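Me: I have a model open and would like to go through its side-chain packing and backbone. Could you take me through it, beginning with the aromatic residues?

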Amino acid sequence: MAGPKITLYVDTVSPFGYEAYYILRHDEAFKGCDITYVPISLGGLMQKCGNIPPLKIKNKDTWINLERLRWAKHFTIPMTTSLPPDFPARTLPIMRALCAVAGSDSSPKQQQARLVQALDTFFSQYWEHSVATHRPEELKETLVGLFGESEAERILTDSTTPETKQALITNTDAAFSAGAFGLPWMVCTNPQGETQGFFGVDHIGQVVQFLGLGKGGGTGWRSLL
């Protein structure tokens with residue numbers, strides 16, 4: 001019998017996407033899961049769905065900022081109290097660079113390892129330290145800190161190629177085909193081979209139940225289970 005699997009679609013612009021990513025990476029409930037992270041364009045996904053950005057909905061723009069801080073507090077997720085620079089920032093260059101990071105290794109396991117290394121840093125820089133990683137100079141500096149000068153230059157060059165641009169489009173199309181209309185979107189397969197999609201950090205409790213996982217530690221789970 002196969003173990004539980006999760007595919008999490010990510011874009012570093014999403015605060016709730018960051019929170020779901022942080023929980024999957026750090027909470028003991030998910031330590032036995034086979035997790036795959038897939039970079040997409042949240043803006044592209046919203047366009048495909050005809051979805052309205054939350055900040056353009058009256059009252060929801062205020063609520064959503066409070067909500068991200070509530071969930072961060074519940075699960076002890078490092079999170080800036082003020083919104084990061086230029087939010088919602090145009091993260092297309094970042095997401096293309098992350099596709100280039102993942103595509104630079106032929107081994108799927110190594111692809112995920114490099115991608116996770118980069119996601120840890122980009123999410124932390126933007127949502128914990130308010131670094132404007134979408135700006136060209138900060139994007140390059142972040143990549144240099146991760147991989148060194150020459151590799152950062154290669155990643156940035158590769159990120160502008162038609163192949164990498166198409167890779168991001170393909171990932172975004174895959175998220176849409178899997179039912180996604182926003183982030184975080186999690187496609188989960190339980191040990192019985194059943195697959196379902198889940199939206200939102202507030203539905204991670206349902207993910208735990210569907211996958212048959214033990215409840216994680218911390219007070220946040222009392223809000224979900």
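Me: How many aromatic pairs are there?
Reply: In this predicted model, the count comes to 10 aromatic pairs. One of them joins Y21 and F123, whose ring centres are 5.0 Å apart and whose planes meet at 40°, so this pair is tilted.

Me: Which helices do Y21 and F123 lie in?
Reply: Y21 belongs to helix α1 (residues 15-26) and F123 to helix α5 (residues 108-128), so the pair ties together parts that are 102 residues apart in sequence.

Me: Is each ring buried or exposed, Y21 to begin with?
Reply: Y21 is buried, with a relative accessible area of 2%. F123 is buried too, and its value is 0%.

Me: And what about F198 and F210, how are their planes set?
Reply: The planes of F198 and F210 are at 55° and the ring centres 5.6 Å apart, so this pair is tilted. F198 sits in strand β4 (residues 195-199) and F210 in helix α9 (residues 204-211), so the parts tied together are 12 residues apart in sequence. Both F198 and F210 are buried.

Me: Which residues do ring pairs link into a cluster?
Reply: The cluster consists of Y18, Y21, Y22, Y37 and F123.

Me: Where do K48 and R114 lie with respect to rings?
Reply: K48 lies over the face of F176, at 4.9 Å from the ring centre. R114 is placed over the face of F147, and there the distance to the ring centre is 4.7 Å.

Me: Turning to helix packing, at what angle do α4 and α8 pack?
Reply: Helix α4 (residues 92-102) packs on helix α8 (residues 162-177) at an angle of about 100°, and their axes are 9 Å apart. With that angle, α4 is roughly perpendicular to α8.

Me: Which residues make the contact?
Reply: From α4 there are L92, M95, R96, C99 and A100, and from α8 there are T164, K165, A167, L168 and N171. Sorted by class, the α4 contact with α8 has 6 nonpolar, 2 polar and 2 charged residues.

Me: Back to α9: how many of its residues are buried?
Reply: Helix α9 is mostly covered, with 6 of its 8 residues buried. Those residues are I204, G205, V207, V208, F210 and L211.

Me: What do they pack against?
Reply: The buried residues of α9 pack against β1 (5-10), α1, β3 (185-189) and β4. Just after α9 comes G212, which takes a positive phi of about 70°.

Me: New topic: which peptide bond at P88 is cis, and where does P88 lie?
Reply: The bond from F87 to P88 is cis, with omega near -5°. P88 is in the loop between α3 (60-74) and α4.

Me: And what is the omega from L183 to P184?
Reply: Omega is near 0° for the bond from L183 to P184, which is cis. P184 is found in the loop between α8 and β3.

Me: What is the phi of N59, and that of D86?
Reply: N59 has phi near 80°, a positive value in a residue other than glycine. D86, likewise a residue other than glycine, has a positive phi near 60°.

Me: Where does each one lie?
Reply: N59 is in the loop between α2 (42-49) and α3, and at 60% relative accessibility N59 counts as exposed. D86 is in the loop between α3 and α4. With a relative accessible area of 44%, D86 is partly exposed.

Key:
Residues are numbered from 1 along each chain as its sequence is written. Side-chain values use heavy atoms; hydrogens and water are left out. Rings of Phe, Tyr and Trp (its six-membered ring) pair if their centres lie within 6.5 Å; planes under 30 degrees apart count as stacked, over 60 as edge-to-face and the rest as tilted. Helices (H or I, at least four residues) and strands (E, at least two) are DSSP runs, numbered from the N terminus. Buried means under 20% relative accessible area, exposed over 50%, partly exposed in between (1.4 Å probe, protein chains only). A charge sits over a ring if NZ of Lys or CZ of Arg is within 6 Å of the ring centre and within 35 degrees of the ring normal. Axes are lines fitted to C-alpha atoms, for helices over the stretch in contact, and angles run from 0 to 180 degrees between N-to-C directions. Angles under 35 degrees count as roughly parallel, over 145 as roughly antiparallel, 65 to 115 as roughly perpendicular and the rest as oblique. Contact means heavy atoms within 4.5 Å. Ala, Val, Leu, Ile, Met, Phe, Trp, Tyr, Cys and Pro count as nonpolar, Asp, Glu, Lys and Arg as charged, and the others, Gly among them, as polar.
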